[in-house]
Amino acid sequence: MSVHDDLTSVQRCLDDLNRSVGRLEQQLGSGGLEMRRVRTDADHLRESVALLRETAHAGTPSKRPELVTISDDPYDINLWTDTDDEGLGARDRRAP
């Protein structure tokens with residue numbers, strides 16, 4: 001199956017889920033916390049699939065960020081001038 005076919009299948013399943021949740025709301029009422037959670041989760045799934053569909057239609061797979069090499073050389077000691085030691089405070093003052 002292609003990505004388009006899979007997304008269409010998922011969309012159909014979500015439509016079925018939405019109809020089923022609607023029937024449950026009619027039978028149980030929509031005021032309960034559990035029913036609101038189910039409705040919210042179904043809506044989130046619908047939004048997520050819509051985002052996937054947009055990404056698939058864009059045709060550009062997400063690029064991995066370029067890796068940056070960090071040197072193992074020690075930092076310049078002047079970089080730490082006038083800094084506080086975590087939990088100890090400044091060097092020339094007493095800790096609270």
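Hi everyone, let me start with one residue: at 30% relative accessibility, D43 counts as partly exposed. By that I mean between the two cut-offs, with buried being under 20% relative accessible area and exposed being over 50%, using a 1.4 Å probe and protein chains only. Its salt-bridge partner is R39, with the closest N and O atoms 4.0 Å apart. For a salt bridge, the rule is a side-chain nitrogen of Lys or Arg within 4 Å of a carboxyl oxygen of Asp or Glu. R39 counts as buried, because its relative accessibility is 17%. Both R39 and D43 sit in helix α2, four residues apart, about one turn of the helix. Salt bridges that share partners also bring in E25, so that E25, R39 and D43 make one network.

Before going on, a word on the ground rules. This is a predicted model, where local features need pLDDT of at least 70 and side-chain atom pairs count only at pLDDT 80 or more, while totals for chains, interfaces and linings use all residues. Residues are numbered from 1 along each chain as its sequence is written, and side-chain values use heavy atoms, with hydrogens and water left out.

Now the overall picture. The protein has two helices and zero strands. Helices here are DSSP runs of H or I with at least four residues, strands are runs of E with at least two, and both are numbered from the N terminus. Of the 96 residues in the protein, 10% are buried. The protein exposes about 8800 Å², and carbon and sulfur atoms supply 54% of that. Those areas come from the Shrake-Rupley method with a 1.4 Å probe, and for residues only the protein chains shown count as cover. If we take contacts between residues at least 6 apart in sequence, 53% of them join residues at least 24 apart. A contact means heavy atoms within 4.5 Å.

Let's move to helix α1. With 26 residues, α1 reaches 36 Å from its first C-alpha to its last, close to the 38 Å expected at 1.5 Å a residue. That expected span is 1.5 Å times one less than the number of residues. Which residues of α1 are buried? They are L7, Q11, L14 and V21, and α2 is included in what covers them. Just after α1, G29 takes a positive phi of about 90°.

Back to the charges. Side chains of opposite charge can pair when their charged atoms come close. Searching the whole structure gives four salt bridges. One of them joins the side chains of D15 and R46, at 3.3 Å from N to O. D15 lies in helix α1, residues 3–28, and R46 in helix α2, so this pair ties together parts that are 31 residues apart in sequence. D15 is partly exposed, with a relative accessible area of 27%, and R46 is partly exposed as well, at 26%.

Within α1 there is a salt bridge between R19 and D16, whose closest N and O atoms are 2.2 Å apart. R19 and D16 are three residues apart, about one turn of the helix. An α-helix has 3.6 residues a turn, so residues three or four places apart point the same way. Both partners are partly exposed, R19 with a relative accessible area of 47% and D16 with 41%.

Then there's the arginine I'd like you to look up on the screen: R53, in helix α2. What is the nearest side chain of opposite charge to R53, and how many Å away is it? It is D15, 8.0 Å away, and R53 is buried yet has no salt bridge. For that search, Lys and Arg count as positive and Asp and Glu as negative, while His and the chain ends are not counted. Leaving aside neighbours within four places in sequence, R53 is in contact with H4, L7, T8 and Q11.

H4 itself is found in helix α1 and counts as partly exposed, at 46% relative accessibility. H4 and R53 are 49 residues apart in sequence, and their C-alpha atoms are 8.0 Å apart in space. Not counting residues up to four places away in sequence, H4 touches R53 and H57.

Last, the surface. V68, I70, Y75, I77, L79 and W80 form a nonpolar patch with about 750 Å² of accessible area together. Patches are made of residues with over 30% relative accessible area and no salt bridge, joining like charges within 9 Å and nonpolar side chains (Val, Leu, Ile, Met, Phe, Trp, Tyr) within 5 Å. I70 lies in the segment after α2, which covers 33–58, and counts as exposed at 67% relative accessibility. Thanks, everyone!
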